[in-house]
Amino acid sequence: MAALIFYSKPDPWEEWGPALAAELPHIEMRDWDDPGDDGQVEYVLVWQPPRDGLGRFPNLKCILSLGAGVDHLLVDTDLPDGVPVVRMVEEALTVGMTEFVTLHVLRHHRRQLDLEAQQRDKVWKAVLTPLASERKVGLMGLGELGADAARVLLALGFDLASWTRAPKDMAGIESFHGVDGLGPFLARTEILVALMPATHETTGILNKDLFDRLPKGASLINSGRGGLQVEADILAALESGQLSQATLDVFETEPLPADSPLWDHPRVTISPHNAALTIARTGAEAVAANIRRFEAGEPLRGLVDRDAGY
Ligand code: GLV
């Protein structure tokens, strides 16, 4: 019997094991700590597995990520060659990210930080904000998650643009791409939302040079990956007023160290990498659907281009 091995620290095997078994009765579900015969393992479903840990399965057919991001897999230089890698595409992740992005774009748009500061000082003073249609929001990354968030931001009426690596059009959005598109995209963006994968091309992209190309007082939301951002540059840009605020869900080092000045910066909102989390029920359904596609020789949803890094 073919087997699937599961590894994740944050995702509970007690929930995922039964959810996967109910979807795929012809595959034996095994926890990483109780692996059985390595030769039977055809699938692995993992989040941040031990480095070099996947090389020991000689009959591996598919590597499935428990997260939308696959940087946790591609950092492994010994990742078995020729085995397809797929990212997680499922409802809880997509809806979770759209809720997070919408929540924080609205908080920035409506200047909620200023209202909260006024409340602390018992100040009764209206804070005026422009119409959503006059607010320029810029999305860096327009994949599964970015495109879903974009639909909701468009429905709220925001003036939306996207920046992507390769050209990518979406109705209602002004699209920019590549090195040449970055400058004009940044010049028109008041609220910048980073939803890119971490690749060798995007590491440290949220840095001083980029912030300087935004209009003064723009704001940043990063719920992509911590490796995209240079935290010292974010702090400096907040200090100079180039950035007016930042919402960060991801960090250069996670958990965010207790001595990071970001923790109690008055213009920074922090969440512990929980913008979007997969859950066993919807996640197992999506994994099972992909394994069935694989068995039928159909294209996989979320297949990763290893060279591009996502
Ligand atoms: C979370 O960070 C994910 O990749 O899904």
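# Worked exercises: bridges, domains and helices

Let us start with a small group of residues: a network of salt bridges links Arg111, Asp114 and Arg267. A salt bridge here is a side-chain nitrogen of Lys or Arg within 4 Å of a carboxyl oxygen of Asp or Glu. The model is predicted, so local features need pLDDT of at least 70 and side-chain atom pairs count only at pLDDT 80 or more, while totals for chains, interfaces and linings use all residues. Residues are numbered from 1 along each chain as its sequence is written, and side-chain values use heavy atoms, leaving out hydrogens and water.

## Exercise 1: Salt bridges

**Task.** Find how many salt bridges the rule counts, and say whether Arg30 and Glu28 are buried or partly exposed.

**Solution.**
- Step 1. Begin with the idea: side chains of opposite charge can pair when their charged atoms come close.
- Step 2. Apply the rule: the count comes to 17 salt bridges.
- Step 3. Look at one of them: Arg30 and Glu28 pair through their side chains, with an N to O distance of 3.2 Å.
- Step 4. Use the accessibility classes: buried is under 20% relative accessible area, exposed is over 50%, and partly exposed lies in between (1.4 Å probe, protein chains only).
- Step 5. Classify: Arg30 has a relative accessible area of 5%, so Arg30 is buried; Glu28, at 33%, is partly exposed.
- Step 6. Try another pair: Arg107 and Glu116 form a salt bridge at 3.6 Å, N to O. Arg107 is buried at 16% relative accessibility, and Glu116 is partly exposed at 27%.

## Exercise 2: Two domains

**Task.** Describe how domain 1 and domain 2 meet, and find which residues form the salt bridge of Asp71.

**Solution.**
- Step 1. Set the bounds: domain 1 covers 3–90 + 278–295 and domain 2 covers 93–270. Such bounds come from an automatic or database domain assignment.
- Step 2. Place the domains: their C-alpha centres lie 32 Å apart.
- Step 3. Count contacts (heavy atoms within 4.5 Å): nine residues of domain 1 touch six residues of domain 2.
- Step 4. Take the buried area, which is the accessible area (1.4 Å probe) that two parts lose on being put together, summed over both. Between these domains it is about 610 Å², with carbon and sulfur atoms giving 55%.
- Step 5. See who contributes: on the domain 1 side, Asp71, Val89 and Glu90 lose the most area to domain 2, together 60% of what that side buries.
- Step 6. Check for charge: the rule finds one salt bridge across the interface. For Asp71, the salt bridge partner is Arg225, with the closest N and O atoms 3.0 Å apart.
- Step 7. Classify these two: Asp71 is partly exposed, at a relative accessible area of 22%, whereas Arg225 is buried at 14%.

## Exercise 3: The sides of helix H8

**Task.** Which residues of helix H8 are buried, and what covers them?

**Solution.**
- Step 1. Find the helix: helices (H or I, at least four residues) and strands (E, at least two) are DSSP runs, numbered from the N terminus. H8 spans residues 231–240, and its buried residues are Glu231, Ile234, Ala237 and Leu238.
- Step 2. Ask about direction: these residues cover an arc of only 120° around the axis, which puts them on the same side of H8. The arc is that of the directions from the helix axis to the C-beta atoms.
- Step 3. Recall the helix rule: an α-helix has 3.6 residues a turn, so residues three or four places apart point the same way.
- Step 4. Turn the helix round: the face away from the buried side carries the exposed residues Ala232 and Glu239.
- Step 5. Name the cover: it includes helix H7 (208–212) and strands E10 (218–222), E11 (243–248) and E12 (268–270).
- Step 6. Step past the end: Gly241, just after H8, has a positive phi of about 85°.

## Exercise 4: Backbone exceptions

**Task.** Where is the cis peptide bond between Glu254 and Pro255, and what phi does Lys122 have?

**Solution.**
- Step 1. Know the background: most residues other than glycine have a negative phi, and most peptide bonds are trans.
- Step 2. Inspect the bond: from Glu254 to Pro255 it is cis, with omega near -10°. Pro255 sits in the loop between E11 and E12.
- Step 3. Turn to Lys122: its phi is positive, about 55°, although Lys122 is not a glycine. Lys122 is exposed at 78% relative accessibility.
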